[in-house]
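Hi everyone, thanks for making time this morning. I'd like to walk you through one structure, so let me put it up on the screen.

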Amino acid sequence: MSTEALKQLFAKSGLKFTNQRYLVYRAMAEAKDHPSAETVWRRVRVEAPAISLDTVYRTLASFEARGLVTRVPGGGEEGRFDGDVTPHHHLVCLCCGSIEDFTMSGAGLDDLPESVAAWGQPRDAQVLVRGVCRKCLCKMEPVKPESEKRRT
Ligand SMILES: [Zn+2]
Ligand SMILES: [Zn+2]
């Protein structure tokens, strides 16, 4: 996205264009790994050494409030952010904390059961798959039967 387009996007969202906001937004637009605020901070600091973690956190929160980034549900306590605001779903590894995207049909708002419509007005729907990723599975020792386990 060009600087000019970003200025317009910020203006539409009621945000003043600042270099720090620009850098945080760009870091999020480029990130594919659903970074935490701290990870974004480390990346932005390369170009803006004076930026504080608190500023990055507040910037992400104001982006989130305006729908410019989203927070990944189930992304752990530190909070993980997504620069891709188009509808998609997430695979969360409970072992290494990696978060990957996936898309599937049949998981949109139109596919929800009637009980959801009865509940109220849904805005978006996401599937969250939590488990252990292949990389982590490979590192794990095969599960041994109870009798073979060493006593500690
Ligand atoms: Zn993993
Ligand atoms: Zn995502």
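Let's begin with two helices: helix 3 and helix 4, the latter covering residues 53-65, pack at an angle of about 115°, and their axes are 9 Å apart. Before going on, please keep in mind that this is a predicted model. Those two numbers are the usual pair to quote, since two packed helices are described by the angle between their axes and the distance between the axes. As for the handedness, helix 3 passes helix 4 in a right-handed crossing.

Which residues of helix 3 and helix 4 make the contact? On the helix 3 side they are Ala37, Glu38, Val40 and Trp41. Helix 4 brings Leu53, Val56, Tyr57 and Leu60. Sorted by class, the contact has seven nonpolar residues, no polar ones and one charged residue.

Let me stay with Glu38 for a moment, which sits in helix 3. Is Glu38 buried or exposed? Neither label fits: Glu38 is partly exposed, because its relative accessible area is 37% and the partly exposed class runs between 20% and 50%. Across the helix pair, the C-alpha atoms of Glu38 and Tyr57 are separated by 8.0 Å, with the two residues 19 apart along the chain.

Now to the metal, which I suspect some of you have been waiting for. Which protein atoms are the donors of the zinc ion, ligand 2? We have three histidines giving NE2, namely His34, His88 and His90, plus an OD from Asp82 and an OD from Asp101. These donors lie 2.0 to 2.1 Å from the zinc ion. If you like to scan sequences for patterns, the spacing along the chain is H-x47-D-x5-H-x1-H-x10-D.

Look at where two of these donors come from. His34 belongs to the loop between helix 2 (19-30) and helix 3 (37-45), while Asp82 belongs to strand 2 (residues 81-82), so this pair ties together parts that are 48 residues apart in sequence. Both count as buried, because the relative accessible area is 2% for His34 and 4% for Asp82, and the class takes anything under 20%. His34 has one more feature for the backbone enthusiasts: its phi is positive, about 50°, although His34 is not a glycine.

Next, the aromatic rings. How many aromatic pairs does the count come to? The count is six. As a reminder for reading the numbers, a pair of aromatic rings is described by the distance of the centres and the angle of the planes.

I'll show you two of the pairs, and Phe10 is in both. With Tyr25, Phe10 forms an edge-to-face pair, 5.9 Å centre to centre and with 85° between the planes. Phe10 lies in helix 1 (residues 3-12) and Tyr25 in helix 2, so the pair ties together parts 15 residues apart in sequence. Phe10 and Tyr25 are both buried.

With Phe63, Phe10 makes a tilted pair: 5.6 Å centre to centre, 40° between the planes. Here the partners lie in helix 1 and helix 4, so this pair ties together parts that are 53 residues apart in sequence. The relative accessible area is 0% for Phe10 and also 0% for Phe63. Zooming out, Phe10, Phe17, Tyr22, Tyr25 and Phe63 form one aromatic cluster.

A few more places to click on while the model is up. Ser13 is in the loop between helix 1 and helix 2. Leaving aside neighbours within four places in sequence, Ser13 is in contact with Arg66 and Leu68. From Ser13 to Thr70 the C-alpha to C-alpha distance is 15 Å, for residues 57 apart in sequence.

Then there is Ala107, found in the loop between strand 4 (99-102) and helix 5 (114-119). Ala107 is buried, at 12% relative accessibility. Not counting residues up to four places away in sequence, Ala107 touches His89, Ala125 and Val127. Ala107 and Pro87 are 20 residues apart in sequence and 9.9 Å apart in space, C-alpha to C-alpha.

Finally, Lys7 in helix 1. Lys7 is partly exposed, with a relative accessible area of 37%. Between Lys7 and Pro113 there are 40 Å in space, C-alpha to C-alpha, and the two are 106 residues apart in sequence.

That's my tour, and I'm happy to take questions.

Technical notes:
Residues numbered from 1 in each chain as written. Chains lettered and ligands numbered in written order. Predicted model: local features only at pLDDT ≥ 70, side-chain atom pairs only at ≥ 80, totals over all residues. Heavy atoms only, no water. Donors = N, O, S within 2.8 Å, 3.2 Å for Na, K, Ca; no water. Helix = DSSP H or I, 4+ residues; strand = E, 2+ residues; numbered from the N terminus. Buried < 20%, exposed > 50% of the residue type's maximum accessible area, 1.4 Å probe, protein only. Axes fitted to C-alpha atoms, helices over the stretch in contact; angles between N-to-C directions. Left-handed = near helix turned anticlockwise from the far one by under 90°. Contact = heavy atoms within 4.5 Å. Nonpolar A, V, L, I, M, F, W, Y, C, P; charged D, E, K, R; others polar. Phe/Tyr/Trp six-rings, centres within 6.5 Å; stacked < 30°, edge-to-face > 60°.
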